Amino acid sequence: MLPAVVKLCCGISYPHLRSMTGKQDESFLRFEPPTLWLLDEDMKPSPTKDQLFSSYVQQGQDAMQKALDMLSKTEGWKTEITEVIFNGVEICSKVMAGTRKVFRLQVVLDADVDELYDILFVRVEEMHQWNPSIQQVKILQRVGPETIITHEVSAGTAGNLIGQRDFLSVRHSCRQRSCAYLGGAAIQLESLPPQTGFVRAEDGPTCIIIEALDEDSSRSRFTWLLNMDVKGWLPTSLVNQALPRAQLDFTRHLRRRLAAGGTYCSLFPNDVIMSMCVVMSAYQLPLYMC
C-alpha cells in the first residue's frame, strides 16, 4: 500500500513521470541526507571571557616552555661576546632548526629575585619613564597575577629617519622560592591590528630566568634568551650583529637602574632598535632601511 501511495504522490508532483512508458526511474526514491552547512566565521559564537583568558594563559605558558626548552639544550651555543668591563657578561648565539638565530645573555646582578621581578614584570608600564627609546608600554589586559597582554611602542628617533616599531605580546610569569621565570611571545588581536606608521615587530618565544645565588641571596644570576624578528628591510647579518649589542646595552641600563634605585631602562625590544641603528651608522647604511 505504501509504495503505491508514494508512486501516486510522486506521479502527481512530477507529471513527466506519468508520461514515461516502459522503464521507470525510481532514483527519486533513494534517500539523500540533508546538506549540513558550515557556519560562517561571523556566525560562530564569540568566545567567552573565561575562554579568552584561558587561551592567553596557555599561549604565555607555551611560549615560556618553548623558550626554556631552547635554553635547556646546551649543545651548539657559540660565544659572541664576553665583556670583562661589564663584570662577566657572556652572550652566546645558536641557530635553531627551522628558525632564526637566538641569543643567550648570562650575568650576575646586584639585586635579589624580588626586586628584578618587580622591575621587569610588575612595573612594566613604567618603562618609558626611564628609557628614552620607549614611547609607551601599556597593559591591555591583566589576565590574572601571572599573565598580561602588552602593547609597546618605540620612540621616534631624531629626524624621523627610523620608522617606529610596535610590539603586541603576551607575557607570563612564574615564581618559585628562589627564582622567577618571565616568558613571552608575539600575539595577534583583532582589536589591535598593525598600526599605520609603525612596523610591527615580533618577539618570542623568549624568556628570562632570575635565580638567587646560593652563596648570596641578595644577588641573582640573570639569563635572558633574546629571540626576535624586527621585520623591515634589514639584512640578516646586520640584525645578528645588532642583537647582542642590544643585550650589552640592556645590561648597562639595568645595572644603572639598580644602582640608582629609581631609574629604569627597558629590557624588551626597543633597546634592540636603537642598537641596530648604531650598527647601521657604523656600516654607513641608510637609516630609513629600519
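Where in the chain is the place of K231? The points below take this up after the overall picture.

1. Basis and overall make-up. This is a predicted model. Seven helices and twelve strands form the secondary structure of the protein. The chain has 290 residues, and buried residues make up 42% of them. Accessible surface amounts to about 16600 Å², with carbon and sulfur atoms holding 54% of that area. Of the contacts between residues at least 6 apart in sequence, 59% join residues at least 24 apart.

2. K231. The place of K231 is in the loop between β12 (228-229) and α6. Its phi is positive, about 60°, although K231 is not a glycine. Most residues other than glycine have a negative phi. The relative accessibility of K231 is 30%, so the residue counts as partly exposed, the class between buried (under 20%) and exposed (over 50%).

3. Main nonpolar core. The largest nonpolar core holds 40 residues, and L116, L120 and F222 touch the most other members. Two or more residues come from each of β2 (89-95), β3 (101-109), α4 (113-122), β4 (134-142), β7, β10 (206-212), β11 (220-226) and α6 (236-260). With seven residues, α6 gives the most to this core.

4. Surroundings of L116. Setting aside neighbours within four places in sequence, the contacts of L116 are L109, A111, I210, S220, F222, L254 and L258. F222 thus appears in this list and is also among the residues of the largest core that touch the most other members.

5. Second core. Apart from the largest core lies another, of 13 residues. A67, M70, C92 and C207 are among its members.

6. D166. Strand β6 (residues 164-175) contains D166. Is D166 buried or exposed? D166 has a relative accessible area of 0%, and because the limit for buried is under 20%, this residue is classed as buried. Beyond its neighbours within four places in sequence, D166 is in contact with H151, E152 and V153, and also with Q195, F198, V199, R200 and A201.

7. Largest pocket. The largest pocket encloses about 330 Å³ of space. It is lined by 20 residues, of which A185, A186, I187, Q188 and E202 are the closest to its centre. The elements giving two or more residues to this lining are α3 (49-72), β7 (179-186) and β9 (202-203). The greatest contribution is from α3, with four residues. By class, eleven lining residues are nonpolar, six are charged and three are polar.

8. Second largest pocket. This pocket has a volume of about 270 Å³. Its lining consists of P47, L52, Y56, Q59, A186, I187, Q188, L189 and E190. Here α3 again supplies the largest share, three residues. Six of the lining residues are nonpolar, two are polar and one is charged.

9. Reading the two pockets together. Which residues closest to the centre of the largest pocket should be compared with the second lining? A185, A186, I187, Q188 and E202 are those residues; A186, I187 and Q188 also line the second largest pocket. Helix α3 gives the most to the lining of the largest pocket and the largest share to that of the second largest. Strand β7 is one of the elements that give two or more residues to the largest pocket, and β7 also gives two or more to the largest nonpolar core.

Notes. Residues numbered from 1 in each chain as written. Predicted model: local features only at pLDDT ≥ 70, side-chain atom pairs only at ≥ 80, totals over all residues. Heavy atoms only, no water. 1 Å grid on protein atoms, 1.4 Å probe; cavity = no way out; pocket = protein on both sides within 12 Å on 5 of 7 lines; lining within 4 Å. Points joined across faces, edges and corners; volume = space filled by probe spheres on them. Nonpolar A, V, L, I, M, F, W, Y, C, P; charged D, E, K, R; others polar. Buried < 20%, exposed > 50% of the residue type's maximum accessible area, 1.4 Å probe, protein only. Contact = heavy atoms within 4.5 Å. Areas by Shrake-Rupley, 256 points an atom, 1.4 Å probe, with all protein chains shown as cover. Core = buried A, V, L, I, M, F, W, Y, C linked by side-chain atoms within 4.5 Å.
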